[in-house]
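Me: Please take a close look at the nonpolar core of this protein. I would like one connected account of what builds it and how one of its helices is placed against it.

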Amino acid sequence: MAVVATDPDTDRTVALRKARFKVRLRRAAEACDYENLYQLGRVCGISKDSFKKYLSGTRLPNYECILRLSLVLGVPCDWLMGCDEGPMLRAVLKAREIDSAWKTKDGSMPRPSLERSCDDSHSRRETECEA
């Protein structure tokens, strides 16, 4: 019988990565208003059993699943896998906050006015050049 050596540091690192992943997966899903987390798994094409293991922290997804989750949730793969929160995630969350604030009650985005104001800086430069 072959004895397999285990490195306690590696085991702790993997356990930490699993714990960070499950927390960040839940946080990103909540930010995207997924009340039923298994719905997120269905959208990403992940089986319920596999998704349950991701949520419990007993298993890490493969790269393809990480990529699908990050695309659907709008967060970087690195952040989802436990790298430090950076400006990229804050920018994504801020953009979503702005989008939701601008949405009208029927869910459409308001259209900006196409009319220019009289004191538009571009218009002023044109009149200065003509004079």
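Reply: In this predicted model, the largest nonpolar core has 21 residues. Those with the most contacts inside it are Leu 25, Leu 40, Phe 51, Leu 69 and Leu 73. At least two residues of this core come from each of helix H1 (8-31), helix H2 (37-43), helix H3 (48-56), helix H4 (63-73) and helix H5 (77-80). As a general matter, nonpolar side chains in soluble globular proteins tend to be buried together.

Leu 25 is a useful place to start. Leaving aside residues up to four places away in sequence, Leu 25 touches Leu 40, Phe 51, Tyr 54, Leu 55, Leu 69, Leu 73 and Leu 80. Two of these partners, Leu 69 and Leu 73, are also among the residues with the most contacts inside the core, and both are buried residues of H4.

H4 shows how a helix can be divided between a buried and an exposed side. Its buried residues are Cys 65, Ile 66, Leu 69, Ser 70 and Leu 73. Because these residues cover an arc of only 130 degrees around the axis, they sit on the same side of H4. The spacing fits the general rule that an α-helix has 3.6 residues a turn, so residues three or four places apart point the same way. On the other side of H4, Tyr 63, Glu 64 and Leu 71 are exposed.

Glu 64 also takes part in a salt bridge: its side chain meets that of Arg 68, at 3.0 Å from N to O. Both residues lie in H4, four residues apart, or about one turn of the helix. Arg 68 is partly exposed, with a relative accessible area of 26%; that label applies because the value falls between the 20% limit for buried and the 50% limit for exposed. The count of salt bridges comes to one. After H4 comes Gly 74, which has a positive phi, near 75 degrees.

The wider chain gives the setting. Its secondary structure consists of seven helices and zero strands, in the order α-α-α-α-α-α-α along the sequence. Of the 131 residues in the protein chain, 25% are buried. Among contacts with a separation of 6 or more, 49% join residues 24 or more positions apart. The accessible surface of the chain is about 9,900 Å², and carbon and sulfur atoms account for 54% of that surface.

Methods: Residues are numbered from 1 along each chain as its sequence is written. This is a predicted model: local features need pLDDT of at least 70, side-chain atom pairs count only at pLDDT 80 or more; totals for chains, interfaces and linings use all residues. Side-chain values use heavy atoms; hydrogens and water are left out. A nonpolar core is a set of buried Ala, Val, Leu, Ile, Met, Phe, Trp, Tyr and Cys residues joined through side-chain atoms within 4.5 Å. Buried means under 20% relative accessible area, exposed over 50%, partly exposed in between (1.4 Å probe, protein chains only). Contact means heavy atoms within 4.5 Å. Accessible areas come from the Shrake-Rupley method with a 1.4 Å probe; for residues, only the protein chains shown count as cover. A salt bridge is a side-chain nitrogen of Lys or Arg within 4 Å of a carboxyl oxygen of Asp or Glu. The arc is that of the directions from the helix axis to the C-beta atoms.
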